[in-house]
Amino acid sequence: MFNTRCEAIRSVPRMANVISITLTTADPAKLAAFYQQATGYDVVYESPDSVYLAGADGLRLGFDRVEGFIPPAWSSAQLPALRLDLAADELQDAEARMLALGATRPGHRLDTEGWIFLADPEGHAFCLTTVY
């Protein structure tokens, strides 16, 4: 499904590359630990206020401390402005493992074929998908 579109996009001249996605958080180390366990990414930078993980593909996930952090609120009527999509080979197994790590299900079902919506321990939206 995505491969055809991605091939078409490659013909467009590149102005920039996505190298990092950074989430704000009250506790960078705690949230980074969740995503490290979820993705297997390595810690490549760590300070009291920031932690960065990186995968073999070079994409980085960053976690920056924000004093007075307010967890994102979202509902079926107001979807999150941003979410991470994580590829999984088997959705139910991946969902069970994410829930065991501290992810939660939103109070409303947003799942569709091949997609499961979850929230990380601080409320940031992410999806597990087999559509990749």
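**Figure 1. Strands β6 and β7 run antiparallel and are joined by 5 bridges.** This is a predicted model, and we begin with its β6–β7 pair. Ala119 of the chain faces Ala125 in β7 across the pairing. The two strands make a hairpin that has 5 residues between them, and Gly123 in this hairpin adopts a positive phi near 100°. As a reminder, strands of a sheet pair through backbone hydrogen bonds, either parallel or antiparallel.

**Figure 2. Strand β6 is largely enclosed by the rest of the structure.** How many residues of β6 are buried? The count is 5 of the 5 residues, so the strand is largely enclosed. Follow the side chains and you will find Trp115, Phe117 and Ala119 pointing one way from β6, while Ile116 and Leu118 point the other way; all are buried. This is a pattern worth recalling: in a regular strand the side chains alternate between the two faces of the sheet.

**Figure 3. An open sheet of 3 strands has the order β5-β7-β6.** Pairing in this sheet is mixed. Its edge strands are β5 (84–87) and β6, each of which pairs on one side only. On average, and with direction ignored, neighbouring strands here are turned by 25° against each other. On the β5 side, 4 bridges connect β5 to β7, and these two strands run parallel. Look for Leu84, whose bridge partner in β7 is Phe126. Helix α3 (residues 91–101) lies across β5, β6 and β7, and runs at about 5° to β6.

**Figure 4. His124 sits in the loop between β6 (115–119) and β7 (125–129).** Is His124 buried or exposed? With a relative accessible area of 9%, His124 is buried, because the cut-off for that class is under 20%. The side chain of His124 reaches the backbone oxygen of Thr24 at 2.9 Å. Which residues surround His124, leaving aside its neighbours within four places in sequence? His124 is in contact with Leu23, Thr24, Leu31, Tyr35, Phe69, Pro72, Leu118 and Ala119. Thr24 therefore appears twice in this view, as a contact of His124 and as the residue whose backbone oxygen the His124 side chain reaches, and the histidine itself is buried.

**Figure 5. Four strands form an open sheet in the order β1-β4-β3-β2.** As in Figure 3, you can trace the strands one by one. The pairing of this sheet is mixed, and the edge strands, β1 (20–25) and β2, each pair on one side only. Neighbouring strands are turned by 20° against each other on average, direction ignored. Helix α2 packs on the sheet and touches β1, β2, β3 and β4, with a direction that makes about 160° with that of β4.

**Figure 6. β2 and β3 form a hairpin with 3 residues between them.** Strand β2 (residues 42–46) pairs with strand β3 (residues 50–54) in the antiparallel sense, over 4 bridges. Within this pair, Asp42 has Ala54 in β3 as its bridge partner. β3 also runs antiparallel to β4, to which 5 bridges join it. There, Val51 finds its bridge partner, Phe63, in β4.

**Figure 7. Glu67 lies in the loop between β4 (60–65) and β5.** Is Glu67 buried or exposed? Its relative accessible area is 68%, so Glu67 is exposed, the cut-off being over 50%. Glu67 and Ala26 are 41 residues apart in sequence, and their C-alpha atoms are 6.5 Å apart in space.

**Figure 8. The largest pocket holds about 690 Å³ of space.** It is lined by 24 residues, and those closest to its centre are Tyr41, Leu59, Asp85, Leu86 and Ala87. Which elements give two or more residues to the lining? They are α2 (28–39), β5 and α3. The largest share, 5 residues, comes from α3.

**Figure 9. The whole chain has 3 helices and 7 strands.** To place the close-ups, read along the sequence: the pattern is α-β-α-β-β-β-β-α-β-β. Of the 132 residues of the chain, 34% count as buried. Among contacts with a separation of 6 or more, 56% are between residues 24 or more positions apart.

Definitions and conventions:
Residues numbered from 1 in each chain as written. Predicted model: local features only at pLDDT ≥ 70, side-chain atom pairs only at ≥ 80, totals over all residues. Heavy atoms only, no water. Buried < 20%, exposed > 50% of the residue type's maximum accessible area, 1.4 Å probe, protein only. Polar contact = N/O pair within 3.5 Å; in protein donor to acceptor, adjacent residues only side chain to side chain. Contact = heavy atoms within 4.5 Å. Pairing = 2+ DSSP bridges. Axes fitted to C-alpha atoms, helices over the stretch in contact; angles between N-to-C directions. 1 Å grid on protein atoms, 1.4 Å probe; cavity = no way out; pocket = protein on both sides within 12 Å on 5 of 7 lines; lining within 4 Å. Points joined across faces, edges and corners; volume = space filled by probe spheres on them.
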